[in-house]
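Hi everyone, thanks for making time. I'd like to walk you through a structure that most of you haven't seen yet, so let's put it up on the screen.

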Amino acid sequence: MKSFAYENYTGEGKYLYLCTTGEEDAPIYLAEKLAEEPVNLVLDIVGKEAPAEMAEKIAGASACLFFFSTGAVTSAAFRNRVNHAIACGKTVVCLRESFVDLAHGMEMQLANYPAFVYAGPEWTIHQLKEKKILTPEVAGEMPKKVWKGTGKYLVIAAVMAAIAVLVLNVYWNRQDRKTIVYYEGQTMESLDLSDAGLITLSGIEKISVKDLNISGNPAITDFSPLLLPGGPETVRISQDMLKYGHLLKDSVRLVITK
């Protein structure tokens, strides 16, 4: 069953009371549409709300709407609420689904009260206005529910987002470290650019390095930047780079890593 998105009205002003047994979503959508009008509303889902508290809400309501569904016509608790509303002298409105038949006793009891087949929230609200049941005196802003645990979940979500950003930063930082640009202008003994997805060695001449590992980058076809003055003394390549990398063997110490 759909959850009602609003808190029940608890103020001192006029309000409507709507009762349902809650096995269907239709009355919940109606309740939310009423709340959006806006209308001060108390929604009583039989079995979820305390009977004594709802009896007080019935007594204080300007009108009582009862949603007769298949479950409602067989519910003793639902009928008790109808009887209590009648006993309190309330305006009782019977909203009935087209396939639901009232028992003869209930039909006779409600014969003098407004009743119509439910045909959606908009049409129902129109009918309630036509019958002077939905009037300006019951208008009011309904507070939205704050679901339990929402704050906790927001904190968890924020923590998870922070972790994700941290992981991505670490990942991209590692990826940056696997680029030639990251090391331009630096001097070092060794540099590992293996499995970096390099397709060119452009810019490698701007790095002063003695031992360079570029294995696992088979897309490199031009090794000439390594032959420039000040280039590496040792170059490590993989077997799948030998087609072009073997040209280095006369100029540097060439090591086949895998």
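I'll start with the overall make-up, then go through the core, two helices, the aromatic rings and a few backbone oddities.

One thing up front: this is a predicted model. The chain has seven helices and nine strands. Of its 258 residues, 39% count as buried. And if you take the contacts between residues at least 6 apart in sequence, 54% of them join residues at least 24 apart.

Okay, the core. Which residues touch the most other members of the largest nonpolar core? Those are Tyr17, Phe66 and Phe68, in a core of 48 residues. A whole list of elements supplies at least two residues each: strands E1, E2, E3 and E4, together with helices H1, H2, H3 and H5. The largest share comes from E3, with six residues. There's another core too, lying apart from that one, with 20 residues, including Ile180, Leu198, Phe223 and Leu226.

Let's stay with Phe66 for a second. Leaving out its neighbours within four places in sequence, Phe66 is in contact with Tyr17 and Cys19, then with Phe78, Arg81, Val82 and Ala85, and also with Val92, Val93, Cys94 and Leu95.

Some of those names come back when we look at helix H3. In H3, the buried residues include Phe78, Arg81, Val82 and Ala85. They sit on the same side of H3, because they cover an arc of only 100 degrees around the axis. So what covers them? Among the elements that do are strands E1, E2, E3 and E4, plus helices H2 and H4.

Here's a quick sanity check on H3. It runs over residues 76-87, twelve residues, and at 1.5 Å a residue it should span 16 Å; the C-alpha atoms at its ends are 16 Å apart, so that agrees. Just after H3 comes Gly89, with a positive phi of about 75 degrees.

Now we can do the same with H5, residues 121-130. Which residues of H5 are buried? Pro121, Thr124, Ile125, Gln127 and Leu128. They cover an arc of only 160 degrees around the axis, so they too end up on one and the same side of H5. The cover here includes helix H1 and strands E3, E4 and E5.

On to the rings. How many aromatic pairs are there? The count comes to eight. One of them is Phe66 with Phe78, an edge-to-face pair at 5.7 Å centre to centre, with 85 degrees between the planes. That pair links distant parts of the chain, since Phe66 is in strand E3 and Phe78 is in helix H3, twelve residues apart. Both Phe66 and Phe78 are buried.

Then there's Tyr182 with Tyr183, also edge-to-face, at 5.0 Å between centres and 75 degrees between planes. Are these two buried or partly exposed? Tyr182 has a relative accessible area of 31%, so it is partly exposed. Tyr183 comes in at 12% relative accessibility, so that one counts as buried.

Ring pairs also link Tyr17, Phe66, Phe68 and Phe78 into a cluster. And one more ring to look at: the charged end of Lys57 sits over the ring of Tyr15, 5.9 Å from the ring centre.

Last stop, the backbone. As a reminder, most residues other than glycine have a negative phi, and most peptide bonds are trans. With that in mind, where should you look? Try Glu37 and Pro38, which are joined by a cis peptide bond with omega of about 5 degrees. Pro38 is in the loop between H1 and E2.

Next is Lys132, just after H5, where phi is positive at about 60 degrees. Lys132 is in the loop between H5 and helix H6. Its relative accessibility is 66%, so Lys132 counts as exposed.

Finally, Asp195 isn't a glycine either, yet its phi is positive, about 55 degrees. You'll find Asp195 in the loop between strands E6 and E7.

If you want a place to start when you open the model yourselves, go to Phe66: it is buried, it belongs to the ring cluster with Tyr17, Phe68 and Phe78, and it is among the residues that touch the most other members of the largest core.

Definitions and conventions. Residues are numbered from 1 along each chain as its sequence is written. This is a predicted model: local features need pLDDT of at least 70, side-chain atom pairs count only at pLDDT 80 or more; totals for chains, interfaces and linings use all residues. Side-chain values use heavy atoms; hydrogens and water are left out. Helices (H or I, at least four residues) and strands (E, at least two) are DSSP runs, numbered from the N terminus. The expected span of a helix is 1.5 Å times one less than its number of residues. Buried means under 20% relative accessible area, exposed over 50%, partly exposed in between (1.4 Å probe, protein chains only). The arc is that of the directions from the helix axis to the C-beta atoms. Contact means heavy atoms within 4.5 Å. A nonpolar core is a set of buried Ala, Val, Leu, Ile, Met, Phe, Trp, Tyr and Cys residues joined through side-chain atoms within 4.5 Å. Rings of Phe, Tyr and Trp (its six-membered ring) pair if their centres lie within 6.5 Å; planes under 30 degrees apart count as stacked, over 60 as edge-to-face and the rest as tilted. A charge sits over a ring if NZ of Lys or CZ of Arg is within 6 Å of the ring centre and within 35 degrees of the ring normal.
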